[in-house]
Amino acid sequence: MTLTAEQITQFNQNGYLIMKGYYSQEEILRLQQAAFNDETLYERAWDKKDAQGAVSKVCLWQKTGDDFYSMFSRSRRLVDVCEQLIGEEVYHTSTKIMMKEPFVGGAWEWHQDFGYWHRDNFMLYPKAISCMIAINKATPENGCLQVLKGSHHLGRLDHNKTGDQKGAAMAFVEEAMKYHPIINVELEPGDVLFFHCNLLHKSNQNRSSEPRWSMISAYNAISNQSFQENEAIYYPLHRVDDDAILNWQAS
């Protein structure tokens, strides 16, 4: 996958890039079947409360392997594009599956990923990027992601604890809203959102009867590895070709 100059410019200006139909119907069906029938996701998931106490579930891991989910996070389709957007060689830092359940799925407060990666994982530079794959449809009704367009140009904001989460200082967020429009990132299954680690984003509670699931793989420049030991561990990234998703078989 090679991006156009226009797509790279769009990412640099806006802080995000939406790629429609990035995965085929067959590929995303396999991901839906795997995730929706994977009881271990619930067993390993963390419950994260928002400011009102509503809960979202998230299952996160750092190390990739030969499992089905890794066929996405190790794929050239994600990794090569991230390198084009960052301009450097990258490695995988984490993959998580976000499970926002019908009616009860909690909000994610306004934040920047670099707001906590910087402090928790000792990243010096904002050379990191996230790729959100829509497992099922994301709408305003079921709590789709919202972003402040171009807000990555603000640089890193202070973050404080909000519920079980870390949220950006709201005085700065509210000021940023005067200059950066809120965009609802509505996605169909198989669409992908690439977004900069300093882009302000949030999602509202799921008030609908439909779940909102997504898989988010994050990558960091190799030159930007943690400068102090912490829970984030560097693992070499072994890429797989795009056909690995459909060719994968359970061992």
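This presentation describes the overall build of one predicted protein chain and then several of its residues.

Good morning, colleagues. The model is a prediction, in which local features need pLDDT of at least 70 and side-chain atom pairs count only at pLDDT 80 or more, while totals for chains, interfaces and linings use all residues. Residues are numbered from 1 along each chain as its sequence is written, and side-chain values use heavy atoms, with hydrogens and water left out.

Let me begin with the chain as a whole. The chain contains eight helices and 13 strands; helices (H or I, at least four residues) and strands (E, at least two) are DSSP runs, numbered from the N terminus. Its radius of gyration is 17 Å, close to the 18 Å that the globule rule gives for 251 residues, so the chain is as compact as a globular protein of that length. That radius is taken over C-alpha atoms, and the rule is 2.2 Å times the number of residues to the power 0.38. The C-alpha trace spans about 50 × 40 × 40 Å along its principal axes.

How much of the chain is buried? Of the 251 residues, 53% are buried, where buried means under 20% relative accessible area, exposed over 50%, and partly exposed in between (1.4 Å probe, protein chains only). About 11700 Å² of the chain is exposed, and carbon and sulfur atoms supply 49% of that area. These areas come from the Shrake-Rupley method with a 1.4 Å probe, and for residues only the protein chains shown count as cover.

Contacts, meaning heavy atoms within 4.5 Å, show how the sequence is brought together. Among contacts with a separation of 6 or more, 86% are between residues 24 or more positions apart.

I turn now to individual places, starting with Leu31. Leu31 belongs to helix 2, which covers residues 25-36. With a relative accessibility of 0%, Leu31 counts as buried. Which residues does Leu31 touch, not counting residues up to four places away in sequence? They are Phe68, Tyr69, Phe72, Ile133, Ile135 and Met215. By contrast, Glu89 lies 58 residues from Leu31 along the chain, and their C-alpha atoms are separated by 27 Å.

Helix 6 is our next stop. Six of its eight residues are buried, so helix 6 is largely enclosed by the rest of the structure. The buried residues are Asp113, Phe114, Gly115, Tyr116, Trp117 and His118. Just after helix 6, Phe122 takes a positive phi of about 55°.

Next come the charged pairs. The structure holds ten salt bridges, each being a side-chain nitrogen of Lys or Arg within 4 Å of a carboxyl oxygen of Asp or Glu. One of them joins the side chains of Arg74 and Asp66, at 3.2 Å from N to O. Are these partners buried or exposed? Arg74 counts as buried, at 11% relative accessibility, whereas Asp66 is exposed, with a relative accessible area of 64%.

A second salt bridge pairs Asp80 with Arg239, whose closest N and O atoms are 2.7 Å apart. Asp80 lies in helix 5 (residues 76-86) and Arg239 in the loop between strand 13 (212-221) and helix 8 (244-247), so this pair ties together parts that are 159 residues apart in sequence. Arg239 counts as partly exposed, at 26% relative accessibility.

A third salt bridge, between Glu88 and Lys127, has its closest N and O atoms 2.8 Å apart. This pair also links distant parts of the chain: Glu88 is in the loop between helix 5 and strand 4 (90-100), and Lys127 is in the loop between helix 6 (113-120) and strand 6 (128-134), 39 residues apart. Both partners are partly exposed, with Glu88 at 26% and Lys127 at 25%. In addition, Glu27, Arg77 and Asp242 are joined into one network by salt bridges that share partners.

Finally, consider two loop residues. Ser151 sits in the loop between strand 7 (145-148) and strand 8 (159-162). Although in a loop, Ser151 is buried, with a relative accessible area of 0%. Not counting residues up to four places away in sequence, Ser151 touches His180, Asn198, Leu199 and Leu200.

Pro140 is in the loop between strand 6 and strand 7, and is partly exposed at 33%. Its contacts, leaving aside neighbours within four places in sequence, are Asn184 and Glu186. Pro140 and Leu60, 80 residues apart in sequence, are 24 Å apart from C-alpha to C-alpha.

Thank you for your attention.
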